[in-house]
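Before reading on, please take a moment with the sequence and the model, and keep both in view while the paragraphs below move from one part to the next.

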Amino acid sequence: MSNTVDVTIPVQPEAAATLADTRNREAVGRLISRVLVLRSNPSPLALAIAEERLR
């Protein structure tokens with residue numbers, strides 16, 4: 001993926017194992033970028049992440 005920045009986010013061990021594969025990591029990165037960047041208001045995913053962080 002061009003023009004990207006690496007970030008660290010906590011995930012469950014099973015998710016981390018899946019993200020060890022470069023193709024999966026890039027696909028997830030594209031998905032997160034689309035969901036979080038292309039909306040002017042907080043997306044459902046962003047809201048769910050924020051809610052989960054409060055637990």
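In which helix does glycine 29 lie? Glycine 29 belongs to helix H2, and this residue offers a convenient way into the model, which is a predicted one. With a relative accessible area of 22%, glycine 29 is partly exposed, because the partly exposed class covers what lies between the buried and the exposed limits, and buried would require a value under 20%. In space, glycine 29 stands 9.8 Å from valine 7, C-alpha to C-alpha, although 22 residues separate the two in sequence.

From this residue one can step back to the whole chain. The protein chain contains three helices and zero strands, and along the sequence these follow the pattern α-α-α. Of the 55 residues in the protein chain, 4% are buried. The accessible surface of the chain amounts to about 5100 Å², and carbon and sulfur atoms account for 57% of that surface.

How far the predictor trusts the model should be kept in mind throughout. The average pLDDT of the protein chain is 82, and 89% of the residues score at least 70. Among the elements, helix H1, which covers residues 13-19, has the highest mean pLDDT, at 94, whereas helix H3, which covers residues 44-53, has the lowest, at 76.

The pocket comes next. The largest pocket has a volume of about 980 Å³, and 25 residues line it, with Val7, Ile9, Val28, Gly29 and Ile32 lying nearest its centre. Glycine 29, the starting point above, is thus met again here, together with valine 7. Each of H1, H2 and H3 supplies at least two residues of this lining, and H2 gives the most, with nine residues.

Which residues make up the nonpolar surface patch? The patch, of about 860 Å², is formed by Val5, Val7, Ile9, Val11, Val28, Ile32, Leu36, Val37, Leu45 and Ile49. The elements that contribute two or more residues to it are helix H2, spanning 22-37, and H3, and H2 gives the most, with four residues.

Two members of the patch can be looked at in turn. Valine 11 sits in the segment before H1, and its relative accessibility of 38% places it in the partly exposed class; since a patch residue needs over 30% relative accessible area, valine 11 meets that condition. Leucine 45 is part of helix H3 and counts as partly exposed at 32% relative accessibility, so leucine 45 also passes the cut-off of over 30%. Leucine 45 and isoleucine 32 are 13 residues apart in sequence, while their C-alpha atoms are 8.6 Å apart in space.

Finally, there is the matter of charged contacts. How many salt bridges are counted? The count comes to one salt bridge, in which the side chains of aspartate 21 and arginine 23 meet, with a distance of 3.2 Å from N to O. As for the exposure of the two partners, aspartate 21 is partly exposed, at 26% relative accessibility, whereas arginine 23 is exposed, because its 65% relative accessibility lies over the limit of 50%.

Conventions
Residues are numbered from 1 along each chain as its sequence is written. This is a predicted model: local features need pLDDT of at least 70, side-chain atom pairs count only at pLDDT 80 or more; totals for chains, interfaces and linings use all residues. Side-chain values use heavy atoms; hydrogens and water are left out. pLDDT is the predictor's confidence in each residue, from 0 to 100. Patches are made of residues with over 30% relative accessible area and no salt bridge: like charges are joined within 9 Å, nonpolar side chains (Val, Leu, Ile, Met, Phe, Trp, Tyr) within 5 Å. Accessible areas come from the Shrake-Rupley method with a 1.4 Å probe; for residues, only the protein chains shown count as cover. A salt bridge is a side-chain nitrogen of Lys or Arg within 4 Å of a carboxyl oxygen of Asp or Glu. Buried means under 20% relative accessible area, exposed over 50%, partly exposed in between (1.4 Å probe, protein chains only). On a 1 Å grid over the protein atoms alone, a cavity is a set of points where a 1.4 Å probe fits but cannot get out, and a pocket is an open set with protein on both sides within 12 Å along at least five of seven lines; lining residues have an atom within 4 Å of a point. Grid points are joined across faces, edges and corners, and a volume is the space filled by probe spheres set on the points.
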